[in-house]
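Dear colleague,

I am passing on the structure that follows, and below it you will find some notes on what came out of the analysis.

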Amino acid sequence: MCTRFVYHGSDIITGFNFDIDLSVWTHKIIKEKDRFCIGILRTDGIWHSYHGVNRNGNAGTLLYVHGNTSGAYSDDDNCITISDLTERFIKAQISFDEVLNIAETKKIVYAQDATMQAMLSDMNGNTLIIEPGIGYREERGKYSLITNYSLIKPESTKAFIVPGDNRYEEALHFLEGHKNKFSVSDAFKLLYTVRQVGEWGTRVSFVYSANEGAVYYTENHDFGNIRRLTFSAS
């Protein structure tokens, strides 16, 4: 259960609530001079960067989604996993345009052990939604928003909507209520509104300001204790 958005105003603001079951996933915050990310410990013993921001403004997040057979993992040379693509983007190994080219020329599939969809954005607010087995969509509006259900083919995940889960509707209402001015503070108000508690609680919330080149973050929905990380200059 996660929520991710990008807002195009006087500043490009991206926000993310990382909601996981601690009995399933092991995570930690990783802070480097060029990158802020939520590291996920995988079976290969490596902490992978599947949710985070690079100093160059590349921001990527993976969100759990009920999978479809068309997006099933494959090791075919013409396939790339959504997890590998997202991690490479966060590490600035590929640009936004290169991601678009990959989406156009390769089949994007799930990882071997998880079905996820992604939202990727850059410092200019260019935003891409990728849903393995379904397709991809470049977002061009004032804001972009995604949770744990398909946006491109909503009927494919409609049966899996959790009763009472109105995070998307609440976040959408919040975003629609703003015009050109949308601040880091506004972003955290949105993330607070859609925070989760309990088994699938919000473990990390972060907001990136392109104007500031900075990430603000907090852990375990402690919105009274927000920290700031500014990336080193090139």
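How many of the 8 residues of strand 2 (residues 12-19) are buried? The model is a predicted one, in which local features need pLDDT of at least 70 and side-chain atom pairs count only at pLDDT 80 or more, while totals for chains, interfaces and linings use all residues. Residues are numbered from 1 along each chain as its sequence is written, and side-chain values use heavy atoms, with hydrogens and water left out.

In strand 2, 8 of the 8 residues are buried, so this strand is largely enclosed by the rest of the structure; buried means under 20% relative accessible area, exposed over 50%, and partly exposed in between (1.4 Å probe, protein chains only). Helices (H or I, at least four residues) and strands (E, at least two) are DSSP runs, numbered from the N terminus. Ile12, Thr14, Phe16 and Phe18 point one way from strand 2, whereas Ile13, Gly15, Asn17 and Asp19 point the other way, and all are buried.

Two strands pair if DSSP finds at least two bridges between them. Strand 2 pairs in the antiparallel sense with strand 1 (residues 3-8) over 6 bridges, and the two form a hairpin with 3 residues between them. Strand 2 also pairs with strand 13 (residues 202-209), again in the antiparallel sense, over 7 bridges. Phe16 of strand 2 stands opposite Arg4 and also opposite Phe206 in strand 13.

Elsewhere, Ser185 lies in helix 4 (residues 184-193) and is partly exposed, with a relative accessible area of 44%. The C-alpha atoms of Ser185 and Asn58, which are 127 residues apart along the chain, are separated by 21 Å.

With best regards
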